[in-house]
Every structure is written in structure tokens, then in C-alpha cells.
Amino acid sequence: MACCKVKVRACTPKMVDAAVLEKLETGFKKLQESDSKSLLKKYLTQEVFDSLKTKKTPTFGSTLLDVIQSGLENHDSGVGIYAPDAEAYGVFADLFDPIIEDYHGGFKKTDKHPPRDFGDVDSFANLDPAGEYIISTRVRCGRSMQGYPFNPCLTEAQYKEMEEKVSSTLSGLSGELKGDFYPLTGMTKEVQQKLIDDHFLFKEGDRFLQAANACRFWPTGRGIYHNDNKTFLVWCNEEDHLRIISMQMGGDLGQVYRRLVSAVNDIEKRIPFSHDDRLGFLTFCPTNLGTTIRASVHIKVPKLAANKAKLEEVAGKFNLQVRGTRGEHTEAEGGVYDISNKRRMGLTEYQAVKEMNDGIAELIKIEREL
């Protein structure tokens with residue numbers, strides 16, 4: 001398996017400069033005074049803040065400000081922190097660990113993420129064969145390329161180099177996965193419009209990513225790949241180095257999952273990914289560590305939607321996250337919800353997808369009975 005082991009427990013070098021410290025102190029004070037519900041505010045106590053504010057990661061010199069600036073600027077963040085490089089998970093563990101434990105349903109700092117296991121790919125079926133409830137199904141995962149930091153620390157040259165590696169690797173895919181890579185740099189208006197109409201193209205980072213310094217040198221090094229059937233996508237250097245996505249209309253989770261697994265296995269033979277023994281696959285946002293798997297459906301459950309509390313209660317039992325139609329920070333349009341597994345750590349890839357599978361089956365059963 002082409003995976004490298006990345007050390008995230010690391011020592012701390014050199015001093016943080018005065019301007020950074022001043023920004024940290026001011027931002028921290030404002031956050032404390034705000035009515036923010038973010039995990040950052042919940043776990044960044046005065047004691048934790050004081051112990052981390054002068055630390056830097058050894059290789060890239062990332063500071064606490066690099067980690068928390070998105071949450072300091074956006075008090076409406078749900079989480080509010082990112083890892084500018086892999087070492088940040090070790091150097092700033094006193095903040096990352098409790099947030100990871102809270103978000104991923106009890107993954108403690110003494111826990112170890114299990115080895116990768118996609119399980120029996122033929123065990124999932126169509127969740128909605130009659131097509132009454134599920135509009136579309138999607139399973140995605142994130143990956144980071146070995147030897148490169150995350151967005152805030154990447155140089156322009158590294159962005160270009162990574163895009164070249166990704167596009168040449170993906171051009172080797174065959175069969176159902178065969179397709180084309182479209183670099184954002186120099187993209188024609190027609191191609192751009194077509195990709196936007198297909199809901200494929202990611203736009204320049206949202207304000208949460210902008211604040212985390214994840215959109216530098218835009219659109220250099222960014223691109224999108226899709227297969228001929230438009231059921232398989234790879235985003236290059238959006239939030240993560242790679243977002244590998246399998247999707248299609250309807251509720252055939254089995255087909256979607258099999259396609260994703262075969263793609264990940266194929267790409268991994270050609271590109272080494274960053275992996276840590278404790279945290280699993282390493283990514284920019286701590287909500288996406290571990291399996292990095294997010295399996296989701298767009299589903300119409302009008303009766304349950306009329307009772308949002310009931311919908312949330314059932315979803316909660318299966319560790320599912322209910323979002324608006326267009327994902328995070330959006331409303332449900334026409335009673336259509338985006339529902340996905342929430343936990344990505346402390347369980348296998350197969351188990352993460354099974355949580356979504358079982359939860360959606362239960363929601364459909366309840367909707368039928370109402």
C-alpha cells in the first residue's frame with residue numbers, strides 16, 4: 001500500500017513574533033466575549049490558549065493563529081479550526097484532541113484509528129428501489145499527498161507540481177473511471193459554465209476557508225476531473241489535496257460505494273497518501289480525519305421534515321448529520337435534506353457507510369409510517 005507514515009507528535013522550535021501574539025490575544029478576547037457556539041470556543045480555555053500561543057510546528061513554523069484564525073474571524077463556525085500542516089495535530093494537540101473527541105463521537109486522545117477496511121463492497125444495495133424518497137447518493141473521501149503540507153503552507157510551485165501529478169495519474173484511469181481533467185487555470189467560460197451547471201465545479205473558497213488562508217494563488221494548481229458518465233469526480237486542491245467523489249441519481253448506495261472503493265485503490269497505487277497511525281488519513285480539517293468518508297443522500301421526507309426535531313432525533317441515533325440541500329450552512333430547499341454519516345474516526349470505512357445506510361433505511365421506514 002502506498003501510504004507514508006507521518007509523525008504528528010512533534011517538538012516545538014522558535015518563537016512566535018509579537019504581531020502574531022497580538023492578533024491572537026485580540027481574537028481570543030473577542031471570541032470569549034462572543035455568543036459563538038463553535039467547538040473552538042468550547043475548548044480554547046484560557047489555560048489551553050496560554051500553553052499554545054507561543055508554539056510553532058517544526059517544519060513549517062505554523063502558529064496557533066494559523067490553526068484558529070478561521071474560527072476567530074467567523075464566530076458562526078461550527079468547528080473553527082484547521083491544521084495548516086500535519087505536525088499541527090501534534091504540536092496543538094491540547095486543542096485538537098478534545099475537538100476531535102467531541103466531533104467524532106468519543107474518539108479519545110488515547111484511541112487509535114483502526115486500519116483501513118472497505119469491507120464487503122457488495123453488501124450495500126439500493127436504499128430506495130422505487131425512487132420515492134432518495135434523489136441522489138454520493139460517497140466521498142479526502143486524501144493528502146505525501147510530502148506536501150496543507151493549503152496554507154503550500155507554495156505556488158508546489159500547487160503546480162501537485163496538479164501535474166494528479167492530472168497525469170488520473171489520465172491513467174480506465175473503464176468506468178476514464179475521463180478528463182480540467183485545470184481551473186485557463187478554463188474557458190463555456191467549460192466553466194457547463195461544470196457549474198452540473199454542480200461539479202467548486203468556487204473559490206468560502207469565507208471559512210478564505211480566513212484559514214486556504215485559497216492562496218487561486219486558481220493555480222486547482223482542477224477537476226470527471227469520468228465520461230459524470231458519476232466519478234476528483235477535486236484537486238480545493239479544501240484537501242484530493243477529494244475523491246462517487247455519485248449518481250437515485251438510491252443505489254452499493255453501486256456508488258463500489259465505484260469509490262475501486263477508484264481510491266487505483267489512485268493509491270500511483271500516489272502515496274499521508275497517513276498517521278493514530279489519526280488515520282490526514283487532512284486539512286479535523287472533521288475529516290480517519291476514514292475521511294462522507295456518505296450522503298439528498299432525500300425528500302416531507303412528513304419528517306415537518307417535525308424537524310423528530311428528524312434530528314432519528315438522525316442522532318445513527319450518528320447522522322442533517323444539512324440543507326446545498327450542504328453546510330444552507331437551508332433545505334423544497335423539503336430536500338442532505339443527510340450523511342458524521343463520525344469519521346474510530347470506525348472503519350465500511351462501518352461509516354453502514355451507519356448512513358442503516359440510518360437512511362430507518363428514516364424512510366418512519367416516513368412511510370407517518
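This is a short chat about some helices and strands in a predicted model.

Colleague: Can we start with the sheet; how many strands are in it, and in what order?

Modeller: In this predicted model, 8 strands form an open sheet, and their order is β3-β4-β5-β6-β2-β9-β11-β10, with antiparallel pairing. The edge strands are β3 and β10, each of which pairs on one side only. On average, neighbouring strands of this sheet are turned by 20 degrees against each other, if direction is ignored.

Colleague: What holds strands of a sheet together in general?

Modeller: Strands of a sheet pair through backbone hydrogen bonds, and the pairing can be parallel or antiparallel.

Colleague: Over how many bridges do β2 and β9 pair?

Modeller: Strand β2, residues 134-143, and strand β9, residues 294-300, pair over 6 bridges in the antiparallel sense. If you would like one bridge to look for, Arg140 has Arg294 in β9 as its partner.

Colleague: And which strands does α13 lie across?

Modeller: Helix α13, which covers residues 349-369, lies across β2, β9, β10 and β11, and its direction is at about 15 degrees to β9.

Colleague: Switching to α7, which strands of the sheet does that helix touch?

Modeller: Helix α7 packs on the sheet and touches β3, β4, β5 and β6, while its direction makes about 165 degrees with that of β3. The helix has 15 residues, 156-170, and reaches 21 Å from its first C-alpha to its last, close to the 21 Å expected.

Colleague: Which residues of α7 are buried, and where do they sit around the axis?

Modeller: The buried ones are Gln158, Tyr159, Met162, Glu163, Val166, Ser167, Thr169 and Leu170. They cover an arc of only 160 degrees around the axis, so they lie on the same side of α7. On the other side of α7, Ala157 and Glu164 are exposed. The buried residues pack against β3, β4, β5 and β6, and also against helix α10, residues 253-268.

Colleague: Since α10 came up, is Arg259 buried or exposed?

Modeller: Arg259, which is found in helix α10, is buried, because its relative accessible area is 3%, and the cut-off for buried is under 20%. Leaving aside residues up to four places away in sequence, Arg259 touches Glu176, Leu177, Thr231, Phe232, Ser246, Met247 and Gln248.

Colleague: Last topic: at what angle do α1 and α4 cross?

Modeller: The axes of α1, residues 18-33, and α4, residues 64-73, cross at roughly 35 degrees and come within 10 Å, and the crossing is left-handed. Among the residues that meet there are Val20, Leu24 and Phe28 in α1, and Leu65, Ile68 and Leu72 in α4.

Key
Residues numbered from 1 in each chain as written. Predicted model: local features only at pLDDT ≥ 70, side-chain atom pairs only at ≥ 80, totals over all residues. Heavy atoms only, no water. Helix = DSSP H or I, 4+ residues; strand = E, 2+ residues; numbered from the N terminus. Expected span 1.5 Å × (residues − 1). Buried < 20%, exposed > 50% of the residue type's maximum accessible area, 1.4 Å probe, protein only. Arc of directions from axis to C-beta. Contact = heavy atoms within 4.5 Å. Pairing = 2+ DSSP bridges. Axes fitted to C-alpha atoms, helices over the stretch in contact; angles between N-to-C directions. Left-handed = near helix turned anticlockwise from the far one by under 90°.
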